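The following report describes selected features of a predicted model, moving from strand pairing to a helix and then to an internal cavity.

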Amino acid sequence: MVGRQPRNSTMRVGGSQVIPRPNNFRTIDHNPFANLDTSALRSLDAVTAALRAFEPDQSLRQPLENARPSAVLVGLFESKNGVEAILTRRSQQLTNHRGEISFPGGRLDEGETVIDAALRETLEEIGLAPSDACIVGELNSMSTVVSNSHIVPIVASYASAPSMRAMNSEVDRVFSVPLLELTRPDTYSQEHWVFSDREFQINFFYLDDETIWGATARILFQVMMLAVKHK
């Protein structure tokens, strides 16, 4: 299936990305943001306060055997549209996750911390200087099946909308999206995927020209839920 949501024509187009759905899947007709006060997503101070208060699950911090330690940078800034997240589209020339929407990031070099790796990769991929980033905190780690990566998401804030562009062949596009936009009923969707050895729920965010799913959507969903539920 391409980026368009396959069973709900009310969703936005989502671009031309190919989604490798299993034969056995179903759409979940539920938007968890529908009955929540999402006003916190307008304020960078509110979002970062919630993320600073969060304590990541340490049991998820340890990589599985043979998994590649990796880190991504969840870059946030405030605009007239509220808090926006910085995203990239991966090149079609890459071996894994080609053409998918992701955060800047990659594997840790020898002796690097996850923060060092996230900042370095962000500089190399989209040209944002580490000195411009204010580290907010860390989210729950997660593993990817296709690339066998163990990802630690590092959240950073920027004082204003940063100037950014694709810096190497790994990145086709750099853009940002308001978190409030991702709560729209024509943008957020969930699916239940079933394989022979596992089953799970997948978050999707359908934009007019891109589809955000996989680990990137899971991270965005965690950021948003932490912010709107923070007391």
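Tyr188 of β10 has Phe205 as its bridge partner in β11, and Ser189 stands opposite Phe204 in that strand. These pairs belong to an antiparallel pairing in which β10 and β11 (residues 199–206) are linked over seven bridges, and the two strands are joined by a hairpin through four residues. β10 also pairs with strand β1 (residues 24–28), again in the antiparallel sense, over five bridges, and here the bridge partner of Arg26 is His192 of β10. In general, the strands of a sheet pair through backbone hydrogen bonds, and the pairing may be parallel or antiparallel.

The residue pairs named so far can be set out together.

| Residue | Bridge partner or opposite residue | Strand of the second residue |
|---|---|---|
| Tyr188 | Phe205 | β11 |
| Ser189 | Phe204 | β11 |
| Arg26 | His192 | β10 |

Taken as a whole, the sheet is open and has four strands in the order β1-β10-β11-β12, with antiparallel pairing. β1 and β12 (211–212) stand at its edges with a single partner strand each, so one side of each has no neighbour in the sheet. Burial adds to the picture of β10: six of the seven residues in this strand (residues 188–194) are buried, that is, under 20% relative accessible area, so β10 is largely enclosed by the rest of the structure.

The helix α2 can be considered next. Its 13 residues should span 18 Å at 1.5 Å a residue, and its end C-alpha atoms are 18 Å apart, which agrees with that expectation. The buried residues of α2 are Val114, Ala117, Ala118, Leu119, Arg120, Glu121, Thr122, Glu125 and Ile126, a list that includes the charged residues Arg120, Glu121 and Glu125. What covers these buried residues includes β2, β3 (82–90), β5 (105–107), β6 (134–138), β8 (149–157) and β9 (171–178). After the helix comes Gly127, whose phi is positive, near 80°.

Where does the largest cavity draw its lining from? Leu73, Gly75, Ile86, Pro104, Thr122, Ile126, Leu128 and Tyr158 line this cavity, and β2 (68–79) and α2 (114–126) each supply at least two residues of the lining. Two of the lining residues, Thr122 and Ile126, also appear among the buried residues of α2. By class, the lining has six nonpolar and two polar residues, and no charged ones. A search of the whole structure finds one cavity of 30 Å³ or more, and the largest cavity has a volume of about 30 Å³.

Notes. Residues numbered from 1 in each chain as written. Predicted model: local features only at pLDDT ≥ 70, side-chain atom pairs only at ≥ 80, totals over all residues. Heavy atoms only, no water. 1 Å grid on protein atoms, 1.4 Å probe; cavity = no way out; pocket = protein on both sides within 12 Å on 5 of 7 lines; lining within 4 Å. Points joined across faces, edges and corners; volume = space filled by probe spheres on them. Buried < 20%, exposed > 50% of the residue type's maximum accessible area, 1.4 Å probe, protein only. Pairing = 2+ DSSP bridges. Expected span 1.5 Å × (residues − 1). Contact = heavy atoms within 4.5 Å.
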